[in-house]
Structures are given as structure tokens and as C-alpha cells.
Amino acid sequence: MDPLDEEQERFAGSLRDAIARRAAFAREQHPEGVRKPPIELMWAELRSLYRGGHRGQAVKSAVSPMPVMLLPGFGSHPKRMKPMADALAAAGHHVHQWGLGLNLGPNERNFSYLMRRVSIIARENWHPVALVGWSLGGLFAREIARREPHLVAKVITMGTPFSGDPRANNAWKAYQVVTGHSVDRPPIDCDFSVKPPVPTVALWSPRDGIIQPRAAAGWPHERDRAVAIRCSHLDFASSPKVVAEVLRQLDVKE
């Protein structure tokens with residue numbers, strides 16, 4: 001067989017395998033006994049999306065300005081967190097985006113890139129970086145801090161499912177179909193429920209329509225503080241009350 005034909009055949013086979021794997025993921029049923037947010041809260045998420053973003057807000061100057069990296073949620077672009085980025089910058093923090101554009105899940109390459117980026121930011125600022133992660137972005141943040149705690153000042157997660165069953169949410173099927181891997185077998189070596197050896201704050205909402213509240217609040221041994229905020233999951237990116245709480249937590253002396 002011609003080498004070009006062999007290459008095309010390998011590509012076609014790989015594509016067929018990827019499609020079959022994702023189709024199998026789409027057919028999986030939600031496991032019995034694993035709670036997820038009710039459907040009415042999911043509809044509220046759609047209303048939140050329709051409502052759009054929040055306008056800017058007045059903020060006080062930070063007590064101790066520091067470098068802060070924002071990590072967006074699954075399927076989201078950093079632009080969704082622009083109101084938060086603007087407010088943190090107005091308070092005096094040195095705000096950095098994660099540099100990967102749309103968040104389509106972890107792999108060895110993009111996670112290695114993030115590790116290097118946090119190292120560079122910490123070195124250039126002569127200060128560990130505060131990681132603020134929304135949903136899946138918070139899992140990236142926790143794992144970076146677990147591996148390289150000397151680079152991280154603190155971790156603030158917002159609606160991040162780091163505790164309990166990885167299917168305790170309304171997004172696990174979509175995640176598997178998009179990424180091509182099971183929520184039980186991420187492509188990086190990690191344990192998201194292990195508390196990083198840095199101050200770790202979990203913001204969660206009883207009105208979250210995507211992530212089961214307990215999964216985002218965690219248990220005492222999995223984080224240092226858990227703070228409840230009444231907002232939708234999508235509002236974690238830019239809600240004024242969430243932004244105000246993030247600013248407050250950045251000012252806390254640990």
C-alpha cells in the first residue's frame with residue numbers, strides 16, 4: 001500500500017474510534033444514588049445565560065495586591081470572566097489570563113503549559129500567584145497548587161466539583177463527549193479531592209443548576225473555607241456579589 005494511503009487509513013481508523021468512543025459516552029446513564037441539581041435550576045442557568053454579563057462595579061483598593069490568574073470554566077472563554085478581571089485590576093491586583101483560550105478540558109500538553117505559565121508569573125512578580133478558578137478551571141487550579149505549592153499564594157474555586165462523585169453534576173456527559181475521556185480517567189495524573197498545601201477557599205451556591213452544591217463546597221479536610229453565595233453556576237464568572245467575595249478572600253491574611 002502507498003504510504004499516503006496508509007496514513008489516510010490510520011487517520012480514518014482513529015476518527016472512527018473517536019466517534020465510537022464519544023457515542024458510547026453519550027449513551028451512558030446517570031448512576032443511581034448520585035445526586036445532581038434539579039431540572040428547574042438548569043432552566044435558571046439558561047435564563048442567566050440569556051441575561052448576559054454584569055456591568056462593572058466600584059471596588060476598594062486591595063490590602064495586599066498580588067498576581068492573580070483567572071481560569072475559566074468548561075466550554076468557556078476568558079472573556080466570560082472579564083468583569084471579574086476588570087474589578088480585580090481596579091482593586092490593584094496584577095491580573096493574568098490563563099492563556100489557553102476556550103477551556104475544552106485537560107491534557108498533558110495544556111496542563112504543562114499552565115504549570116510553566118504560573119511559574120513565569122510568580123518569578124516575574126516576585127510573589128506566588130493566587131489562582132481563581134471557575135468550575136473546571138478550579139480543578140486545574142487545585143492540581144497546580146498541589147504539585148507546586150511554592151508558586152501559589154492561595155486557591156479560590158467557584159462552583160468547582162472537586163469533592164465526591166465526578167458525576168454529581170449535569171455536565172459530565174457533555175464533558176466526556178467533548179474531551180473524549182471518562183470523568184473517572186482524566187488524562188493527567190491527579191487527585192482533585194486532595195487539599196492543596198496552600199490556603200484553599202471554595203465558593204459554592206445552593207442555586208447552582210450544574211454542579212451539586214456538596215461537590216463544590218467539599219468537606220473540611222478538602223479545603224480551608226467554604227462560602228455559600230446565592231447565584232447560578234454561570235453567574236460565578238461575573239456576578240458583583242461573587243466578585244466582591246473573591247476580592248474579600250484575596251485580602252484575608254492566612
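Tutor: A residue is called buried when its relative accessible area is under 20%, exposed when that area is over 50%, and partly exposed in between. Keep in mind that this is a predicted model.

Student: Why is Y113 called partly exposed?

Tutor: Its relative accessibility is 28%. The limits for partly exposed are 20% and 50%, so Y113 at 28% counts as partly exposed. Y113 sits in helix α4.

Student: What does Y113 touch, leaving out residues up to four places away in sequence?

Tutor: Y113 touches W98, G99 and L100. A contact needs heavy atoms within 4.5 Å. The C-alpha atoms of Y113 and W98 are 9.4 Å apart, and these two residues are separated by 15 places in sequence.

Student: How do you know that α4 has the span expected of a helix with 18 residues?

Tutor: The expected span is 1.5 Å times one less than the number of residues. For α4, residues 108-125, that gives 26 Å, and the distance from its first C-alpha to its last is 26 Å, close to the expected value.

Student: Why do we say that the buried residues of α4 line one face?

Tutor: The buried residues are N110, F111, L114, M115, V118, I121 and A122. Looking down the axis of α4, they fall within an arc of 145°, so they line one face of the helix. An α-helix has 3.6 residues a turn, so residues three or four places apart point the same way.

Student: Which residues are on the face of α4 turned away from the buried side, and what does the buried side pack against?

Tutor: The face turned away carries the exposed residues R109, R123 and E124. The buried residues pack against β1, β2, β3 and α5. At the start of α4, a side-chain oxygen of N107 comes to within 3.0 Å of the backbone nitrogen of R109. Just after α4, W126 has a positive phi of about 55°.

Student: What makes α5 largely enclosed?

Tutor: Of its 12 residues, 10 are buried, so the rest of the structure largely encloses α5. Among the buried ones are L136, F140 and R142. The elements that cover them include β1, α4, β3, β4, α6 and β5.

Student: How does the span of α5 compare with the expected value?

Tutor: The 12 residues of α5 should span 16 Å at 1.5 Å a residue, and its end C-alpha atoms are 17 Å apart, which agrees.

Student: Why is the pair R167 and E28 called a salt bridge?

Tutor: A salt bridge needs a side-chain nitrogen of Lys or Arg within 4 Å of a carboxyl oxygen of Asp or Glu. For R167 and E28 the distance from N to O is 3.5 Å. That is within 4 Å, so the pair qualifies. The pair links distant parts of the chain, 139 residues apart: R167 lies in the loop between β4 and α6, and E28 in the loop between α1 and α2.

Student: Are R167 and E28 buried, partly exposed or exposed?

Tutor: R167 has a relative accessible area of 11% and is buried, whereas E28 has 24% and is partly exposed.

Student: Why is E254 called exposed and K154 called buried?

Tutor: E254 has a relative accessibility of 51% and counts as exposed, since the cut-off is over 50%. K154 has a relative accessible area of 3% and is buried, since the cut-off is under 20%. The two form a salt bridge, with their closest N and O atoms 2.9 Å apart.

Student: Where in the helix do E245 and R248 lie, and what joins them?

Tutor: Both lie in helix α8, three residues apart, about one turn of the helix. They form a salt bridge with closest N and O atoms 2.9 Å apart. E245 is buried at 12%, while R248 is partly exposed at 46%.

Student: How many salt bridges are found in the whole structure?

Tutor: The search finds nine.

Student: Why does R223 not count as having a salt bridge?

Tutor: The nearest side chain of opposite charge, E222, is 6.3 Å away. A salt bridge needs 4 Å or less, so R223, although buried, has none. R223 lies in the loop between α7 and β6.

Student: What does the side chain of R223 reach instead?

Tutor: A polar atom of that side chain lies 2.8 Å from the backbone oxygen of A217. The side chain also reaches the backbone oxygen of G218 at 3.2 Å. Polar contacts are counted within 3.5 Å, so both distances fit that limit.

Notes:
Residues numbered from 1 in each chain as written. Predicted model: local features only at pLDDT ≥ 70, side-chain atom pairs only at ≥ 80, totals over all residues. Heavy atoms only, no water. Helix = DSSP H or I, 4+ residues; strand = E, 2+ residues; numbered from the N terminus. Buried < 20%, exposed > 50% of the residue type's maximum accessible area, 1.4 Å probe, protein only. Lys, Arg positive; Asp, Glu negative; His and termini not counted. Polar contact = N/O pair within 3.5 Å; in protein donor to acceptor, adjacent residues only side chain to side chain. Arc of directions from axis to C-beta.
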